[in-house]
Amino acid sequence: MRWRHPPVYRPLVDLLTMEERHVIVTYRLDRATIQELCAQLEPDLMSAIRHPTGIPPLVQVLSMLHFLASGSFQTTVGIASGMSQPMFSNMLSRVLSALLKHMRNYIMFPQVEDLPTVTDDFYALGHIPNIIGAIDGTHVALVPPAEVNRCTETGRATIR
């Protein structure tokens, strides 16, 4: 009878040896923020590790951040992280669920009554009109689908 041993997971990335610039380009966050995020998510992510060869929380967070920052496919990021696509998909689901528990610590949306002040403040900063928020300095144009007709009296959108 042949014993089947579970695969030993060896992290492919060492965050501490990477240049800070490379960390920011790859993960869209600096090293200190990534370490803080890992510390917050670690209790949730450690419960997913069933044996010592499981994926360490740091690797799970780095893989998730790389996936979100790159806009690449799960297979590609999984290979870069040393995981199969199904393994990466399961891990991604766990990390995003853990992240959702802490979302309010990191993501804030303005209240409706604050929108005029927020747009004025953004205009004062960059002279770009009608801005209500920012994501790491990336400009994201939000355009409604062609089927949406605006109802100017109520300010609500309708879809036909």
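**Helix α3 and its surroundings in a predicted model**

At 1.5 Å a residue, the 14 residues of helix α3 (residues 57-70) should span 20 Å, and the end C-alpha atoms of α3 are indeed 20 Å apart, which agrees. The expected span is 1.5 Å times one less than the number of residues in the helix. Helices here are DSSP runs of H or I with at least four residues, strands are runs of E with at least two, and both are numbered from the N terminus. The model is predicted, so local features need pLDDT of at least 70 and side-chain atom pairs count only at pLDDT 80 or more, while totals for chains, interfaces and linings use all residues. Residues are numbered from 1 along each chain as its sequence is written, and side-chain values use heavy atoms, with hydrogens and water left out.

Along α3, the buried residues are P57, V59, Q60, V61, L62, S63, M64, L65 and F67. Buried means under 20% relative accessible area, exposed over 50%, and partly exposed in between (1.4 Å probe, protein chains only). The cover over these buried residues includes α1 (20-27), α2 (31-46), α4 (74-81) and α5 (85-101). Just after α3 comes G71, with a positive phi near 70°.

Two packed helices are described by the angle between their axes and the distance between the axes. For α2 and α3, the axes come within 9 Å and cross at roughly 115°; axes are lines fitted to C-alpha atoms, for helices over the stretch in contact, and angles run from 0 to 180 degrees between N-to-C directions. On the α2 side, the contact (heavy atoms within 4.5 Å) is made by I34, L37, C38, L41, E42, L45 and M46, and on the α3 side by P57, L58, Q60, V61, L62 and L65.

Some of these names return in the largest nonpolar core, where Y27, I34, L41, V61, L65 and F88 touch the most other members out of 23 residues. Such a core is a set of buried Ala, Val, Leu, Ile, Met, Phe, Trp, Tyr and Cys residues joined through side-chain atoms within 4.5 Å. At least two residues of this core come from each of α1, α2, α3 and α5, and α3 gives the largest share, 6 residues. Leaving aside residues up to four places away in sequence, I34 touches L15, V23, Y27, L29, L58, L62 and L65.

A last stop is the loop between α7 (115-126) and β1 (148-151), home to H127. H127 has a positive phi near 55°, and its relative accessibility is 56%, so H127 counts as exposed.
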